[in-house]
Amino acid sequence: MSTTQLARGTSPGAGVRTAVGRFLPVVLTALVILGSWQLVVTVFDVPSFIVPAPTGISSAFRAEFGTIMSASVVTVQEVLLGLVLGAVAGVAVALALSRFPGVSGPVLTAAVVINCAPIVALAPIFNNWFGVTNLMSKAGVAAVMVFFPVLVNTTRGLLQVSSLHLEIMQSLAAQPRQVALMLRLPNALPYLFNALKLGSTLAVIGVIVTEYFGGPSNALGVYIAYQAALPRFEFAWAGIAVASALGLLLFGVTSLLERLLMPWHESLHDSDS
Amino acid sequence: MTATRTATTSVAAEGGPAGQADRATPRRSERLSATRKRVHNAAGAALVVAVLAGLWEGYKALGRAVDDVVPGTKIAFPVATDDLSMPHVWSILGALVEPARRGDPMLLGSYLLGETGVTLRESFYGLVAGSSLGLLLAVLFLHVVPLSKGLMPWLVASQTVPLVAIAPMIVIWGGKAGAPPWVAVTGIAAYLAFFPVTINTLRGLKSPPKVQLEFMRSVGAGRWQVLGWLRIPAALPFVFAGLRLAATASVVGAIVGELSAGTGRGIGRAILTFAYYYSNGPEKLYAAVLVAAAAGIVFVQSLALIERVALRHRHTR
Amino acid sequence: MSEAAIISVRGVTKQFTGGNRTVTALEDIDLSIRRGEFVSLLGPSGCGKSTLLRILADLTEPTDGTVSLNGKTPGAARTDRDYGMVFQQAGLFEWRTVQRNVELPLQVAGVDKQTRRAKAHEMLDLVRLSDFARHFPWQLSGGMQQRVAIARALSADPEILFMDEPLGALDEMNRERLQGELLRIWSDTRTTVVFVTHSISEAVFLSSRIVVMSARPGRIAASIDVDLPYPRTAATRTTDAFFAKVTEVRTVLHGVPAEQAAR
């Protein structure tokens with residue numbers, strides 16, 4: 001009987017086994033890469049301007065832990081501010097836009113086209129507007145970078161509702177407000193989160209690059225550029241590693257938030273694997 | 001595969017989760033109306049840009065009128081509206097047809113176009129090199145499963161990492177190797193371009209439905225025949241989506257690379273120079289940024305045009 | 001006709017205009033359905049049976065003619081939620097649990113949470129899916145999803161149930177089982193059912209009356225009473241009376257001047 005059978009589902013044991021099967025090669029690859037990197041650098045005496053050894057980077061990280069961490073705090077503040085500003089603005093414009101489907105086509109086209117432009121080029125303008133050491137000058141660039149994907153995706157999510165779902169709501173004599181709340185908003189959530197995940201990466205990139213144009217002396221991008229110019233490559237690489245970890249962490253947090261807010265997510269995730 | 005979807009998000013939300021009903025093959029009349037819609041959208045997009053320019057001038061006029069403070073309060077406008085912070089749209093456009101430097105007859109517009117040409121050449125070489133590498137890697141990952149199992153998660157994770165952060169290092173490698181700066185810049189562009197191509201291509205190569213793969217098997221097609229006649233044609237739309245992302249990334253990479261390079265030519269250098277002499281002529285910086293943006297857009301859109309021609313017989317969504 | 005009709009269709013015509021061509025999907029349809037009937041609209045593809053159902057449900061407007069549901073216009077009946085509708089795809093909202101999907105019509109109608117919950121439980125009992133109230137749609141098989149869709153359609157206690165090929169996407173086993181369940185639900189709720197199908201045996205098994213339609217333009221070719229006694233069971237399918245009725249319907253259907261016979 002189909003009543004007692006789940007269409008999909010695995011036993012917990014199988015879950016653990018697949019998790020091991022999935023992560024083991026990943027971890028092994030990392031170890032192999034790190035190990036051979038260390039080996040090659042040591043054996044061939046590779047100069048540190050090409051790549052420093054992992055051990056060198058890690059000792060640099062430990063030596064300047066305090067500096068790197070306080071720089072990270074500044075950078076994280078800029079990233080979060082930019083992400084929130086860009087996301088809020090993008091969602092707000094998308095909500096307004098979805099009320100006028102006739103206008104949304106041209107506006108989305110414009111947004112997609114503008115998004116092809118190298119937005120980081122705005123960095124010096126924002127530095128001049130808000131001041132090089134002001135958080136807003138970095139967050140502003142990040143916000144513009146986040147704004148476009150959020151706008152485009154959220155508008156699409158609000159408008160690209162399945163016609164069957166629309167007919168169901170119509171057959172129930174739902175008010176436009178009810179259609180918006182019960183159908184369009186939940187439908188747009190996965191689109192929004194895809195954009196937010198992309199945006200979390202973009203925000204980090206925007207901030208770091210804008211900091212290459214100059215920024216508060218205790219910011220991560222400034223630190224990396226400065227150490228590379230000195231040149232103290234181990235320290236520059238330590239900064240790069242932390243910046244990478246930041247990007248990964250932010251992406252992970254956004255994904256976690258997605259899972260918490262969308263408990264039905266598994267249907268979406270399974271559908272494209 | 002969450003991050004995989006992220007890669008295509010900005011350009012192709014069509015691949016989004018909403019289940020779309022099957023549509024019949026578009027007829028002639030429908031294709032015509034699609035063209036009309038595209039023209040309508042393009043005209044609308046131009047209008048949007050005009051509206052943005054209007055908003056700029058409106059904000060500036062408003063700020064001028066109330067002296068950059070919200071009336072009745074002490075709340076300052078977030079951005080000052082004097083000519084130094086926000087030059088008029090017409091003075092930015094006007095700067096393009098004025099001499100770039102005093103005592104030099106060359107116009108700013110042609111100077112910027114020349115620098116942009118340098119940047120676009122670096123971007124183009126980077127795009128070609130990076131996407132070739134990306135395509136090869138995708139085919140390799142398809143056929144060597146252990147390799148893809150170990151490396152794919154790292155590639156996907158690396159998408160979430162600020163790759164441009166290592167731009168200063170690449171410039172240093174180039175410098176130590178005695179290569180001219182544009183080589184390093186091209187390297188950064190290539191480095192940024194190859195990720196989206198790899199991931200989208202791999203996704204495309206895996207996109208043919210089971211029934212098509214089983215059919216190829218049933219007629220005894222070998223691995224390379226399946227690749228050439230089924231997987232690669234099926235992957236093309238995905239490849240182009242990846243290429244469009246890669247094109248954007250390669251322009252960003254080239255500009256960031258030029259910043260880090262410290263010497264050499266390119267629009268990134270021009271932007272940095274005008275930022276340095278900002279107070280002497282703010283509209284020059286704006287003009288440079290505008291030209292850089294326009295160049296990026298033209299670069300990516302010409303790729304989109306090639307895509308449209310290459311995929312003209314495909315069922316368009 | 002002893003009882004007053006709950007659904008009455010008079011002279012309904014529907015034309016679609018695409019480009020410079022006009023296609024007549026339905027021509028001069030007259031139909032009355034009495035309270036408590038189970039009526040199937042049967043015909044080849046293109047005969048307009050789904051269009052007729054969508055006109056009844058006020059999802060599309062007739063070009064000409066009048067429709068009355070429960071003595072009202074279809075629009076008023078829709079706003080009063082006099083009917084429930086089941087589509088070919090379940091169309092469950094993937095972000096809602098099974099229970100909250102069933103509650104949807106009540107929520108749209110502004111029913112309070114407690115009543116909603118109680119009613120949803122009752123409906124899930126009816127379709128025998130109480131154990132799955134907290135599951136999400138993706139965790140259910142196609143047949144189970146369609147049963148949730150039936151529970152959703154019935155949750156606001158409509159007097160009429162419209163079904164547009166609701167079992168068309170299911171395999172034969174699931175189809176036959178759900179046909180049985182549908183008859184049980186019908187006898188429990190005494191709802192008037194209008195059921196669109198292109199399967200002759202499905203129409204004969206379920207209906208108290210079959211309205212056979214012909215294509216191009218869509219017209220009613222015949223109205224055939226199915227006098228097989230209820231409750232009908234799997235055994236009914238093997239009786240001579242069942243076969244005789246299937247043959248009768250098939251003869252009418254094929255006598256119809258249609259370009260395409262029913263599949």
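Good morning. I shall begin with a place where two chains meet: the buried residues of helix α3 in chain C pack against α8 of chain A, and also against α4 (113-126) and α5 (142-154) of chain C. Please bear in mind throughout that this is a predicted model.

Let me stay with α3(C) for a moment. The helix spans residues 98-108 of chain C and is mostly covered, with 10 of its 11 residues buried. Those buried residues include the nonpolar side chains C:Val98, C:Val102, C:Leu104, C:Pro105, C:Leu106 and C:Val108. C:Gln99, C:Asn101, C:Glu103 and C:Gln107 are buried as well. Just after the helix, C:Gly110 adopts a positive phi of about 80 degrees.

Chain C also contains an open sheet of 3 strands, ordered β2-β1-β4 and paired in antiparallel fashion. Its edge strands are β2 (21-34) and β4 (64-69), each of which pairs on one side only. From one strand to the next, the twist averages 20 degrees. As general background, the strands of a sheet pair through backbone hydrogen bonds, in either a parallel or an antiparallel arrangement. Here, strand β1, residues 5-18 of chain C, is joined to β2(C) by 10 bridges, and the two run antiparallel. Within that pairing, C:Val9 stands opposite C:Leu31 of β2(C).

I turn now to the contact between chains A and C. Chain A contributes 20 residues to it, and chain C contributes 22 residues. On the chain A side, the elements giving two or more residues are α7 (163-171), α8 (176-212) and α11 (265-271). Which of them gives the most? That is α7(A), with 6 residues. By class, this side of chain A divides into 10 nonpolar, 7 polar and 3 charged residues.

Chain A touches chain B as well. In that contact, 61 residues of chain A meet 59 residues of chain B. On the chain A side, at least two residues each come from α1 (12-44), α4 (101-115), α5 (123-130), α6 (135-159), α8, α9 (220-229), α10 (233-261) and α11. The element giving the most is α8(A), with 13 residues. The residues of chain A that touch chain B comprise 40 nonpolar, 18 polar and 3 charged. Helix α8 of chain A therefore deserves attention in the viewer, as α8 of chain A is listed for the side that touches chain B, for the side that touches chain C, and for the packing of α3(C).Finally, chain B itself. It has 11 helices and 0 strands, and buried residues make up 41% of its 317 residues. Among its contacts between residues at least 6 apart in sequence, 75% join residues at least 24 apart. The chain is divided into domain 1 (28-86) and domain 2 (109-310), and the centres of these domains, taken over C-alpha atoms, are separated by 30 Å.

One helix pair in chain B serves as a closing example. The axes of α6 (residues 167-176) and α9 (residues 223-261) of chain B come within 9 Å and cross at roughly 65 degrees, and the crossing is right-handed. From α6(B), the residues involved are B:Ala167, B:Pro168 and B:Val171, which meet B:Val256, B:Gly257, B:Ser260 and B:Ala261 of α9(B). This contact has 5 nonpolar, 2 polar and no charged residues. Thank you.

How values were computed: Residues are numbered from 1 along each chain as its sequence is written. Chains are lettered from A and ligands numbered from 1 in the order in which they are written. This is a predicted model: local features need pLDDT of at least 70, side-chain atom pairs count only at pLDDT 80 or more; totals for chains, interfaces and linings use all residues. Two residues are in contact if their C-beta atoms, placed from the backbone, lie within 7 Å. Helices (H or I, at least four residues) and strands (E, at least two) are DSSP runs, numbered from the N terminus. A residue is buried if 20 or more other C-beta atoms lie within 10 Å of its own, exposed if 12 or fewer, and partly exposed in between; C-beta atoms are placed from the backbone. Domain bounds come from an automatic or database domain assignment. Two strands pair if DSSP finds at least two bridges between them. Axes are lines fitted to C-alpha atoms, for helices over the stretch in contact, and angles run from 0 to 180 degrees between N-to-C directions. A crossing is left-handed if the near helix is turned anticlockwise from the far one by less than a right angle, and right-handed if clockwise.
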